[in-house]
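Visitor: I would like to learn how to read the empty spaces and the aromatic rings in a protein model. Could you take me through them slowly, beginning with the spaces?

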Amino acid sequence: MVNVPVAQLDIDKIARSGQCFRMHRVSDGCWSIINGTHYLEAKQPADADEVAFDCSQQEFDELWRDYFDLDTDYDAFIDSIDPADEFLTKAAEFSRGIRILKQDLWEIICTFIISQNNNMKRIGTSVNNLCQELGEPHEERGVTFHSFPEPSRLMDPSLIRLFGIGYRTPHLCSVARDIYSGTLDLEALATTDNRAAVHRTLIGIPGVGPKVAACIELFGLHWLDAYPIDTWMRKVIERRYQGEFDWSRYHGYEGVIQQYLFCYERKVDREEELSRVPSARRS
């Protein structure tokens with residue numbers, strides 16, 4: 001068992017942050033986490049001051065420490081926030097414990113193609129159904145789970161249509177075929193220093209526009225300066241910043257700031273919506 005302070009890591013917040021769809025609540029305070037061909041359970045009761053990971057220290061140091069990006073100082077990002085920016089200050093405090101995971105690039109490309117004009121619940125359902133039906137089974141710690149399907153398993157539209165992906169199906173099949181044939185080289189994307197070329201390649205993938213490309217860059221390539229602007233972020237900037245936010249102040253980690261704003265705005269929006277519902281309907 002490995003324990004990590006809650007101040008540095010909040011599994012529940014990460015699971016609801018929109019960056020990962022392979023974390024599931026097993027029970028109150030317990031989460032299952034699938035990373036490639038690896039499985040882990042994390043225990044984080046509401047009043048605990050640590051997250052307990054059910055693995056050895058060696059496994060944690062060799063795999064999960066990097067996955068959770070624990071060697072990056074997120075407190076420094078929070079400390080750099082303009083104290084005069086009350087909304088961002090509250091957003092960062094609410095979001096403390098969220099980190100940008102280091103996830104598999106192929107899985108992230110597929111996930112965010114599926115995410116277009118979609119909500120988080122449906123995205124999660126589609127991703128997990130794909131894994132359950134087309135991914136390879138594995139067993140770890142007595143638990144059977146499925147890894148994300150290889151490109152060769154996602155090239156047939158007749159299979160993909162079974163999972164409610166809709167008009168995104170041909171996009172998913174197209175990128176799977178390109179990777180399988182070698183037309184698209186993910187290793188080259190992940191290792192090149194030419195970011196402009198990577199961005200051009202990403203937006204050239206069917207179903208990938210600037211927003212989805214930024215999601216892939218942030219969550220799949222771990223470029224912390226990539227910041228996707230979706231409907232929620234446009235709402236934040238319009239409602240809280242009169243249409244203009246100074247991203248340059250947070251150069252190099254704009255994507256982290258984006259996550260704080262995104263997660264907090266969703267929380268505030270839910271609370272405001274609930275406050276408009278008559279008490280009789282809320283009960």
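Guide: Rolling a probe the size of a water molecule over the atoms shows where empty space is left. In this structure, which is a predicted model, the largest cavity holds about 50 Å³ of space, and the count of cavities of 30 Å³ or more comes to 2.

Visitor: Which residues line the largest cavity?

Guide: The lining of the largest cavity is made by Cys20, Arg22, Ile34, Asn35, Gly36, Tyr67, Gln103, Asp104 and Glu107. Sorted by class, this lining has 3 nonpolar, 3 polar and 3 charged residues.

Visitor: How much space lies in the second largest cavity, and which residues line it?

Guide: The second largest cavity has about 30 Å³ of space, and its lining consists of Gln19, Phe21, Arg22, Gln103, Glu107, Ile108, Thr111 and Val127. Helix H5 (residues 105–114) gives the largest share of that lining, with 3 residues, while the division by class is 3 nonpolar, 3 polar and 2 charged.

Visitor: Now I would like to turn to pockets. What is the volume of the largest pocket, and which residues lie nearest its centre?

Guide: The largest pocket has a volume of about 620 Å³. Its lining is made of 28 residues, and those nearest the centre are Ser115, Asn118, Lys211, Asp230 and Trp232. At least two lining residues come from each of helix H6 (120–134), H11, H12 and H13, and the largest share, 5 residues, belongs to H11. By class, the lining of the largest pocket divides into 12 nonpolar, 12 polar and 4 charged residues.

Visitor: You named Trp232 beside the centre of that pocket, so to speak; which charged residue has its end over the ring of Trp232?

Guide: The charged end of Lys235 sits over the ring of Trp232, at 4.3 Å from the ring centre. Arg266 also lies over the face of Trp232, and here the distance from the ring centre is 5.8 Å.

Visitor: How should I read two rings together, and how many aromatic pairs are there?

Guide: A pair of aromatic rings is described by the distance of the centres and the angle of the planes. In this model the count comes to 18 aromatic pairs. One of them is formed by Phe87 and Tyr241, which are edge-to-face, with 6.4 Å from centre to centre and 85° between the planes. This pair links distant parts of the chain, since Phe87 belongs to helix H4 (residues 86–95) and Tyr241 to helix H12 (residues 231–241), 154 residues apart. Both Phe87 and Tyr241 are buried.

Visitor: What does a stacked pair look like here?

Guide: Tyr227 and Trp247 are stacked, with their centres 4.3 Å apart and an angle of 25° between the planes. Tyr227 is in the loop between helix H11 (210–219) and H12, and Trp247 is in the loop between H12 and helix H13 (254–275), so that the pair links distant parts of the chain, 20 residues apart.

Visitor: Why does Tyr227 count as partly exposed, and is Trp247 buried or exposed?

Guide: Tyr227 counts as partly exposed because its relative accessibility is 30%, a value in between the limits of 20% and 50%. Trp247 has a relative accessible area of 11% and is therefore buried, as this is under 20%.

Visitor: Which residues do the ring pairs link into a cluster?

Guide: The cluster linked by ring pairs consists of Tyr74, Phe77, Phe87, Phe94, Tyr227, Tyr241, Phe245, Trp247, Tyr250, Tyr253 and Tyr264.

Key:
Residues numbered from 1 in each chain as written. Predicted model: local features only at pLDDT ≥ 70, side-chain atom pairs only at ≥ 80, totals over all residues. Heavy atoms only, no water. Phe/Tyr/Trp six-rings, centres within 6.5 Å; stacked < 30°, edge-to-face > 60°. Helix = DSSP H or I, 4+ residues; strand = E, 2+ residues; numbered from the N terminus. Buried < 20%, exposed > 50% of the residue type's maximum accessible area, 1.4 Å probe, protein only. Lys NZ or Arg CZ within 6 Å of the ring centre and 35° of its normal. 1 Å grid on protein atoms, 1.4 Å probe; cavity = no way out; pocket = protein on both sides within 12 Å on 5 of 7 lines; lining within 4 Å. Points joined across faces, edges and corners; volume = space filled by probe spheres on them. Nonpolar A, V, L, I, M, F, W, Y, C, P; charged D, E, K, R; others polar.
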